[in-house]
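Dear colleague,

Please find the structure below, followed by some notes that you can read with the model open beside you.

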Amino acid sequence: MNERQMRDWMKENLGRLKTLRDEIRVDIHLAGMDAKDKWKELEPVVRDAEKLAEDVTDVSRRAMEEMVEKFRHFRESVRYHRPGGQA
């Protein structure tokens, strides 16, 4: 992957992360206090990801992949545990 492709990939995944963040905020509103507490720990990761998106390296790429996966997993756990079950 060349530098331009890496920058595009990072930008795309940063967008995914921000979309997940917004979806999680809605789900958190409907979830319990445990989920809200966990979210307070996880939400600052988006700021870290914004910094990573400017650093085009294999290390930053792997870190971005891990962040996106953590957000997806958290979103699914919140949706599963909120009143009414799955969204």
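**The rings and the first helix**

At 0% relative accessibility, Phe 71 counts as buried, because buried means under 20% relative accessible area. Please keep in mind throughout that this is a predicted model.

What does Phe 71 pair with? Its partner is Trp 39, and the two rings form an aromatic pair of the edge-to-face kind, with 5.6 Å from centre to centre and 75° between the planes. Since Trp 39 lies in helix H2 and Phe 71 in helix H4, this pair ties together parts that are 32 residues apart in sequence. Trp 39 has a relative accessibility of 5%, and therefore counts as buried.

Trp 39 also pairs with Phe 74: the ring centres are 5.8 Å apart and the planes stand at 15°, so this pair is stacked. Here again the partners come from two helices, Trp 39 from helix H2 and Phe 74 from helix H4, so that the pair ties together parts 35 residues apart in sequence. Phe 74 is buried, as is Trp 39. The structure holds 2 aromatic pairs, and ring pairs link Trp 39, Phe 71 and Phe 74 into a cluster.

From this cluster we can move to Arg 21, which lies in helix H1. Is Arg 21 buried or exposed? With a relative accessibility of 17%, Arg 21 counts as buried, because the cut-off for buried is under 20%. If its neighbours within four places in sequence are left aside, Arg 21 is in contact with Trp 39, Glu 43, Val 46 and Phe 71, and two of these names, Trp 39 and Phe 71, will be familiar from the ring cluster.

Helix H1 itself, made of residues 3-30, offers a small check that you can follow step by step: at 1.5 Å a residue, its 28 residues should span 40 Å, and the end C-alpha atoms are 41 Å apart, which agrees. At its N-terminal end, H1 is capped by Asn 2, where a side-chain oxygen lies 3.0 Å from the backbone nitrogen of Arg 4.

The buried residues of H1 include Met 6, Trp 9, Leu 14, Leu 17, Ile 24 and Ile 28, and also Asn 13, Arg 21 and Asp 27. What covers the buried residues of H1? Among the parts that do so are helix H2 (33-42), helix H3 (45-52) and helix H4 (58-81). For Trp 9 there is one further detail, namely that Arg 61 lies over the face of its ring, at 5.2 Å from the ring centre.

With best wishes

Notes. Residues are numbered from 1 along each chain as its sequence is written. This is a predicted model: local features need pLDDT of at least 70, side-chain atom pairs count only at pLDDT 80 or more; totals for chains, interfaces and linings use all residues. Side-chain values use heavy atoms; hydrogens and water are left out. Helices (H or I, at least four residues) and strands (E, at least two) are DSSP runs, numbered from the N terminus. The expected span of a helix is 1.5 Å times one less than its number of residues. Buried means under 20% relative accessible area, exposed over 50%, partly exposed in between (1.4 Å probe, protein chains only). Contact means heavy atoms within 4.5 Å. A polar contact is a pair of N or O atoms within 3.5 Å; within protein, one must be able to donate a hydrogen and the other to accept it, and residues adjacent in sequence count only if both atoms are side-chain atoms. Rings of Phe, Tyr and Trp (its six-membered ring) pair if their centres lie within 6.5 Å; planes under 30 degrees apart count as stacked, over 60 as edge-to-face and the rest as tilted. A charge sits over a ring if NZ of Lys or CZ of Arg is within 6 Å of the ring centre and within 35 degrees of the ring normal.
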